[in-house]
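Let's take a walk through this one together. Have the sequence and the fold open side by side, and we'll go from confidence to pocket to cysteines.

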Amino acid sequence: MSSVSSARESLSHALNNRFLPNLEYLLQGSILDSAVEHLMHRLKGLCDNVDTSPETFHDLEVCMSLRQPNSNQPLLLRVRRALGRDAPFQMRYLGQPEVDQRRPTLVRSCMDCACTNGILEFLTEMGFRLEFEYIAKGYMFRKGRMKITVSKLIKIIPGKQQDMANEPISQSYIVELSVVAPTGQENVGEEMRVFAEQLKPLVQLDKIDYKRLGSMP
């Protein structure tokens, strides 16, 4: 258990001292199922590689939490794995979002890394517990350094195989426009604002203050 304790302490030290060189700039919105095809056509015309089909994804996402001493905020890590194909697990840390009225996007620190399929067991040994899990299925587009995802979130039904879960959480798709960039690149937000304007009135992309809503992103 000493290696587990050491890993937990190293992770907490890195996060508390902001040893995270990257920021995620983010805008989010949603669109009804009945209108998503119109959005897909708009994105195909605006994004790179318009002659090819958008990249698809079908992933299981698990959110794990760890209570931290001297802090009211738990440490949250997200683990994502592709369903139906062989690919490394992806682990992601997302910091608390900063909602600044002077910025056109939400901004939060982030860290991504590929890991082996034993990562969930390792996090459990460290003391993490399951917060929630769901399946995300949809499409990903790129425009320069911007990434646009159109995702259907699917509830995992207890007792049913993960790749057989088929109950959507809502009758809409989540649309996210994001850029991961080093700190100090404030022009990223303006690029995203201009792109988001081109998706109106099909979808309104905004910076969502989850603290005010009382829910997790």
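Where in the protein chain is confidence lowest, and where is it highest? This is a predicted model, so start with how far to trust it. The low point is helix α1, residues 2–16, with a mean pLDDT of 52. At the other end sits strand β7, residues 146–155, where the mean reaches 96. Across the protein chain the average pLDDT is 85, and 82% of the residues score at least 70.

Now turn to the largest pocket, which has a volume of about 1200 Å³. Its lining takes in 41 residues, and the ones nearest its centre are E61, R80, R92, K147 and E176. Look at the strands around it: β1 (22–32), β2 (55–66), β3 (75–82), β4 (89–94), β5 (106–115), β6 (129–143) and β9 (172–182) each give the lining at least two residues, and so does β7, the strand with the highest confidence. As for chemistry, the lining of the largest pocket splits into 20 nonpolar, 15 charged and six polar residues.

Last stop, the cysteines. How many disulfides does a search of the whole structure find? Zero. Take C113: the nearest cysteine sulfur belongs to C115 and is 5.1 Å away, while a disulfide needs the two sulfurs within 2.5 Å, so C113 is in no disulfide. Is C113 buried or partly exposed? With a relative accessible area of 32%, C113 is partly exposed. C110, by contrast, counts as buried because its relative accessibility is 2%, and the cut-off for buried is under 20%.

Methods:
Residues numbered from 1 in each chain as written. Predicted model: local features only at pLDDT ≥ 70, side-chain atom pairs only at ≥ 80, totals over all residues. Heavy atoms only, no water. pLDDT = per-residue confidence, 0-100. Helix = DSSP H or I, 4+ residues; strand = E, 2+ residues; numbered from the N terminus. Buried < 20%, exposed > 50% of the residue type's maximum accessible area, 1.4 Å probe, protein only. 1 Å grid on protein atoms, 1.4 Å probe; cavity = no way out; pocket = protein on both sides within 12 Å on 5 of 7 lines; lining within 4 Å. Points joined across faces, edges and corners; volume = space filled by probe spheres on them. Nonpolar A, V, L, I, M, F, W, Y, C, P; charged D, E, K, R; others polar.
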